[in-house]
Amino acid sequence: MALARQGVIGEGMPNGKPGDHPLTDIFKHCIEAYGPEADDLIRRIQELSGPDALHEWWEREISSVRDNDEVLRRARARHDELLKRTKP
């Protein structure tokens, strides 16, 4: 999938069903949203930062991105940033 599917922008409220929101697909339905590597990094980002911080980052950095390669690049950068913070 070369482009991330259209998100919930302008489509009303997500209802938790498959396909209505990428984060719901990744965490609740185990459906690929941005590709296996990006989805895995997004899961790890939540483990490192918690769900609230993940949602804030996703809204700020990912929600408007339509290119899966760009999502992957941003997820790698965020994951690396969080790993550096956790190392003494």
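User: I would like to learn to read this structure one residue at a time; where is the place of H79?

Analyst: This is a predicted model, and in it H79 has its place in helix 4, which covers residues 68-86.

User: Is H79 buried or exposed, and which residues does H79 touch?

Analyst: A residue is called buried when its relative accessible area is under 20%, and H79, with a relative accessible area of 8%, is therefore buried. If residues up to four places away in sequence are not counted, H79 touches L41, R44, I45 and L48.

User: How should I read a helix such as helix 1, and which of its residues are buried?

Analyst: A helpful habit is to list the buried residues and then to look for what they pack against. In helix 1, residues 22-29, the buried residues are P22, L23, T24, D25 and I26, and these pack against helix 2 (36-49) and helix 3 (51-62). After helix 1 comes C30, whose phi is positive, near 55 degrees.

User: What about the loop between helix 1 and helix 2, where G35 has its place: is G35 buried or exposed?

Analyst: G35, in the loop between helix 1 and helix 2, has a relative accessibility of 13% and so counts as buried. Its C-alpha lies 9.3 Å from the C-alpha of V71, while the two residues are 36 residues apart in sequence.

User: How do I read a salt bridge, and how many salt bridges does the structure hold?

Analyst: Side chains of opposite charge can pair when their charged atoms come close. The structure holds eight salt bridges, and one of them joins R76 to E37, with the closest N and O atoms 2.9 Å apart. Because R76 lies in helix 4 and E37 in helix 2, this pair ties together parts that are 39 residues apart in sequence. R76 is partly exposed, with a relative accessible area of 39%, and E37 is partly exposed too, at 40%.

User: Which residue forms a salt bridge with D40, and where do the two lie?

Analyst: Here the general idea concerns the helix itself: an α-helix has 3.6 residues a turn, so residues three or four places apart point the same way. D40 forms a salt bridge with R44, the closest N and O atoms being 2.6 Å apart, and both residues lie in helix 2, four residues apart, or about one turn of the helix. D40 is partly exposed, with a relative accessible area of 28%, and R44 counts as partly exposed at 36%.

User: Which residues are linked in a network of salt bridges?

Analyst: The network links R60, E61, E70, R73 and R74. Within helix 4, E70 and R74 are four residues apart, which means that about one helical turn separates them, and their salt bridge has its closest N and O atoms 2.7 Å apart. R74 is partly exposed, with a relative accessible area of 24%.

User: Finally, how do I read the largest nonpolar core, and which residues have the most contacts inside it?

Analyst: One can begin with the best-connected residues and then ask which elements contribute. The largest nonpolar core has 17 residues, and those with the most contacts inside it are Y34, I42, W57 and V71. The elements giving two or more residues to this core are helix 1, helix 2, helix 3 and helix 4. As for W57, leaving aside its neighbours within four places in sequence, this residue is in contact with I42, I45, I62, R74, A75 and R78.

Key:
Residues are numbered from 1 along each chain as its sequence is written. This is a predicted model: local features need pLDDT of at least 70, side-chain atom pairs count only at pLDDT 80 or more; totals for chains, interfaces and linings use all residues. Side-chain values use heavy atoms; hydrogens and water are left out. Buried means under 20% relative accessible area, exposed over 50%, partly exposed in between (1.4 Å probe, protein chains only). Contact means heavy atoms within 4.5 Å. A salt bridge is a side-chain nitrogen of Lys or Arg within 4 Å of a carboxyl oxygen of Asp or Glu. A nonpolar core is a set of buried Ala, Val, Leu, Ile, Met, Phe, Trp, Tyr and Cys residues joined through side-chain atoms within 4.5 Å.
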